[in-house]
Amino acid sequence: MRPSQVSVSLAHAMWRGFRMRCPHCGQGTLFGRFLKVADHCPKCDEELFHHCADDFPAYLVIAALGHVIVPAILVVETAYAPALWLQLLIWLSVTTLSALALLQPTKGAIVGLQWQLGMHGFDTSKRRRLVPGQSRFHRTISRRAKRREGELDD
Ligand SMILES: [Zn+2]
């Protein structure tokens, strides 16, 4: 199956990415191995190597876990005051496992976001998915492409 002119909403593309599926078709696996995005979707052949998530998924995971785990630590300390070694054992384990479990789905959601918005190298895919002339984004990237090709002077 070749990439087609399928329109996918931003929320749907991010949800597919969070489920570690191709944001375009929702069928193929997004990752080849842990945190390594596949170059192409094995089902629809959509190009996925254009992503540029960098450290953003890690920042999001740190922020989200920090807002959950720190209050939980304070509540447990206030209510039960367990021994320090027990708290270290529990909270380090919970934090590490939660971060590892959330990191890849979060990266998938960011790749879905970048794919849907046509960021980085996904603009070609975004252009293919849009009906010509219907959106401001399409007009902008069309003008940029023509400018690159020397068809426009300004
Ligand atoms: Zn796909």
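Helix α3 bends by about 30 degrees at L103, and a proline, P105, follows within four residues. The structure described here is a predicted model. This report starts with α3, moves to its partner α2, and ends with the chain as a whole.

## Helix α3

How does the length of α3 compare with what its residue count should span? At 1.5 Å a residue, the 34 residues of α3 should span 50 Å, and the end C-alpha atoms are 47 Å apart, which agrees. Just after α3, G118 has a positive phi of about 75 degrees.

The buried residues of α3 are Q104, T106, K107, G108, A109, I110, V111, G112, L113, Q114, W115 and Q116. The elements that cover them include α1, β1 (31-33), β2 (36-37), α2 and α4 (123-129).

One of these buried residues is T106, which belongs to helix α3 (residues 84-117). Why does T106 count as buried? A residue needs 20 or more other C-beta atoms within 10 Å to be called buried; T106 has 22 C-beta neighbours inside 10 Å, so T106 counts as buried. Apart from neighbours within four places in sequence, T106 is in contact with P57, L60 and V61. T106 and A53 lie 53 residues apart in sequence, while their C-alpha atoms are 9.8 Å apart in space.

## Helix α2 and its packing against α3

Helix α2 covers residues 56-79. Its 24 residues should span 34 Å at 1.5 Å a residue, and its end C-alpha atoms are 35 Å apart, which agrees. A kink of about 30 degrees in α2 is centred on G66. α2 is hardly covered: among its 24 residues, the count of buried ones is 2.

The table sets the two helices side by side.

| Helix | Residues in helix | Expected span | End C-alpha distance |
|---|---|---|---|
| α2 | 24 residues | 34 Å | 35 Å |
| α3 | 34 residues | 50 Å | 47 Å |

Two packed helices are described by the angle between their axes and the distance between the axes. At what angle do α2 and α3 pack? The angle is about 145 degrees, and the axes are 8 Å apart. The crossing of α2 past α3 is right-handed. On the α2 side the contact is made by F56, P57, A58, L60, V61, L65, I69 and I73. On the α3 side it is made by W91, V94, T95, S98, A99, L102, L103, T106, K107 and I110. The residues of this contact divide into 14 nonpolar, 3 polar and 1 charged. T106 is thus named twice, as a buried residue of α3 and as part of the contact with α2.

An α-helix has 3.6 residues a turn, so residues three or four places apart point the same way.

Just after α2, A81 takes a positive phi of about 45 degrees.

## Helix α1

In helix α1 (residues 10-18), the buried residues are A13, M14, R16, G17 and F18. Their cover includes α3. Just after α1, M20 takes a positive phi of about 65 degrees.

## The chain as a whole

How many helices and strands does the chain have? There are 5 helices and 2 strands. From the N terminus on, the elements follow the order α-β-β-α-α-α-α. Of the 154 residues in the chain, 22% are buried. Among contacts in the chain with a separation of 6 or more, 52% are between residues 24 or more positions apart.

Definitions and conventions
Residues are numbered from 1 along each chain as its sequence is written. This is a predicted model: local features need pLDDT of at least 70, side-chain atom pairs count only at pLDDT 80 or more; totals for chains, interfaces and linings use all residues. A residue is buried if 20 or more other C-beta atoms lie within 10 Å of its own, exposed if 12 or fewer, and partly exposed in between; C-beta atoms are placed from the backbone. Two residues are in contact if their C-beta atoms, placed from the backbone, lie within 7 Å. The expected span of a helix is 1.5 Å times one less than its number of residues. The bend at a residue is the angle between axes fitted to the seven residues ending there and the seven starting there. Axes are lines fitted to C-alpha atoms, for helices over the stretch in contact, and angles run from 0 to 180 degrees between N-to-C directions. A crossing is left-handed if the near helix is turned anticlockwise from the far one by less than a right angle, and right-handed if clockwise. Ala, Val, Leu, Ile, Met, Phe, Trp, Tyr, Cys and Pro count as nonpolar, Asp, Glu, Lys and Arg as charged, and the others, Gly among them, as polar.
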